[in-house]
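The exercises below are meant to be worked with the sequence and the coordinates side by side. Each task is followed by a solution that proceeds in steps.

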Amino acid sequence: MTVRTRFAPSPTGLLHIGNARAALFNFLFARHHGGQFLLRIEDTDRERSTQRAVDVIFEGLAWMGITADEEPVFQSTRQGRHTEVAQELLATGLAYRCYCTADELKQMREDAIANGQPPRYNGMWRDRDPSEAPEGAPFAVRLKAPRDGETVINDLVQGEVRVANAEMDDLIILRSDGTPTYLHAVVCDDHDMAITHVIRGDDHLTNTFRQAMIYRAMGWNLPHFAHLPLIHGPDGAKLSKRHGAQSVVEFRDEGFLPEALCNYLLRLGWGHGDAEILNREEQIRLFDLDGVGRSPSRMDYIKLTHLNGVYMREADDARLTNDVIERLKEREDVTVDDTLHARVLTLMPGLKERAKMLTELADSAAFLGRSLPFTYDAKAQKQLSEEGKDVLRGVAQALALVEPFEAAAIDGALREFAENKAIKLGQVAQPLRAAMTGSTVSPGIDLTLQALGRDEVLARIGAAIAHG
């Protein structure tokens, strides 16, 4: 058997982080077993499905490095096939036409509730003679559910799960307007796509029992099911906006690296010994469903942010620079050009040591592209006292003579200047940092000066001396 998994989102909103984890687990499981991972867009809800949501799904998966092995399937294009299967079930007597009106169905639900029973369809048209059907009346197609025994699912995460068939009513597979229901369409698609493993959130577990009835009515083999516990917020409640970012795009825009988010999502509900940080190759090698827990996971944004910092320190400087430049393009106070790109790339080894997020990285690099005159924050202005300005006048003369204008030579010149003035190196570095950045925070001052270049350094010193 060739393992074939699928990710089947509905394009009615953003790519939620829980769905993204399901996509990752399906992808890794298929890769681990040498199989295929497929993508199906379940866009049969034409009123709520949008092209923007479809684009966000593709965008998010591509950002996460999750690639399908075949062209994506759009469920809306397969309605003819869904209808064909329903007609086959009608022909074999395993489904029937139900002519109940909306008022009749409402009355059924109210009567059931009044009698202390679950509100469900009572089988009014299940065994009636078709000749009793009102002429020309619309009808839904319902599957004849078994009434005795029980349905058993051997779930690869939840274990053996059972439900009495008497608890399930005859589900609709075609609506009165001829469109297939979600439960019916999914079964047809998974069968035709030869899906061997359905890995999804455990909020679908009740659907699985109903879908199993369609598989068995058609004489099709059931795929293996694995229902993943959901992701909750840090407080144990359902993940919501009040907890923070929920969609993949939000995490990207807030400055997380895709490999950090994927690593975190992998470990959110799955484990392999003490392994914490795993690259994609290691994830594929180690991932299997026996490592997935049964309890809901709690989103820990602090832990994710820390992990992101670890990945940022290991990331390629050129890649981080390109991301920072794209973020700085959105700022009116920063001039983005080749000079800025070169400065950020030069200083990136120092910048990324201090940052945990790409947004934070862009904030810390912004000073490299600001034009004079500067705005100095309160701490920087304190460094630009008359005493600080005297230091800047002297150090400017020393820096004008540094050759080559690189970190090692700059560091030597600053140390020599401090020694000659009988002051501490920090008393030189802090006014310089204020002059260069408008704040009191930057990577090593020698690297910062090298990144800016001699002409810009001397210009910024001059502006700081003239300030206020």
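**Exercise 1: the faces of strand 1**

In this predicted model, determine which residues of strand 1 lie on each side, and whether these residues are buried or exposed.

Solution. Begin with the general expectation that, in a regular strand, side chains alternate between the two faces of the sheet. In strand 1, Arg4 and Arg6 lie on one side, while Thr5 and Phe7 lie on the other. With buried taken as under 20% relative accessible area, all of these residues are buried, and both faces of the strand are therefore covered.

**Exercise 2: the neighbours of strand 2**

Establish how strand 2 is joined to strand 1 and to strand 3, and in which direction each pair runs.

Solution. First, locate strand 2 at residues 36–41, where five of the six residues are buried, so that the strand is mostly covered. Next, take strand 1, residues 4–7, which runs parallel to strand 2 and is joined to it by four bridges; within this pairing, Arg6 has Leu38 of strand 2 as its bridge partner. Finally, turn to strand 3, residues 73–74, which is also parallel to strand 2 and is joined to it by two bridges; here Arg40 finds its bridge partner in Val73.

**Exercise 3: the crossovers**

Trace the connections between these strands and assign the handedness of each β-α-β unit.

Solution. Follow the chain from strand 1 through helix 1, residues 17–32, into strand 2: this β-α-β unit is right-handed. Continue from strand 2 through helix 2, residues 51–64, into strand 3, and a right-handed β-α-β unit results here too.

**Exercise 4: the chain as a whole**

Decide how the overall extent of the chain relates to that of a compact globule.

Solution. Start from the inventory of 19 helices and twelve strands. The radius of gyration is 32 Å, well over the 23 Å that the globule rule gives for 468 residues, so the chain is more spread out than a compact globule. The C-alpha trace spans about 105 × 45 × 40 Å along its principal axes. As for cover, 48% of the 468 residues count as buried. Lastly, among contacts with a separation of 6 or more, 76% come from residues 24 or more positions apart.

Note on methods:
Residues numbered from 1 in each chain as written. Predicted model: local features only at pLDDT ≥ 70, side-chain atom pairs only at ≥ 80, totals over all residues. Heavy atoms only, no water. Buried < 20%, exposed > 50% of the residue type's maximum accessible area, 1.4 Å probe, protein only. Pairing = 2+ DSSP bridges. Right-handed = clockwise from strand over helix to strand, strands pointing away. Rg over C-alpha atoms; globule rule 2.2 N^0.38 Å. Contact = heavy atoms within 4.5 Å.
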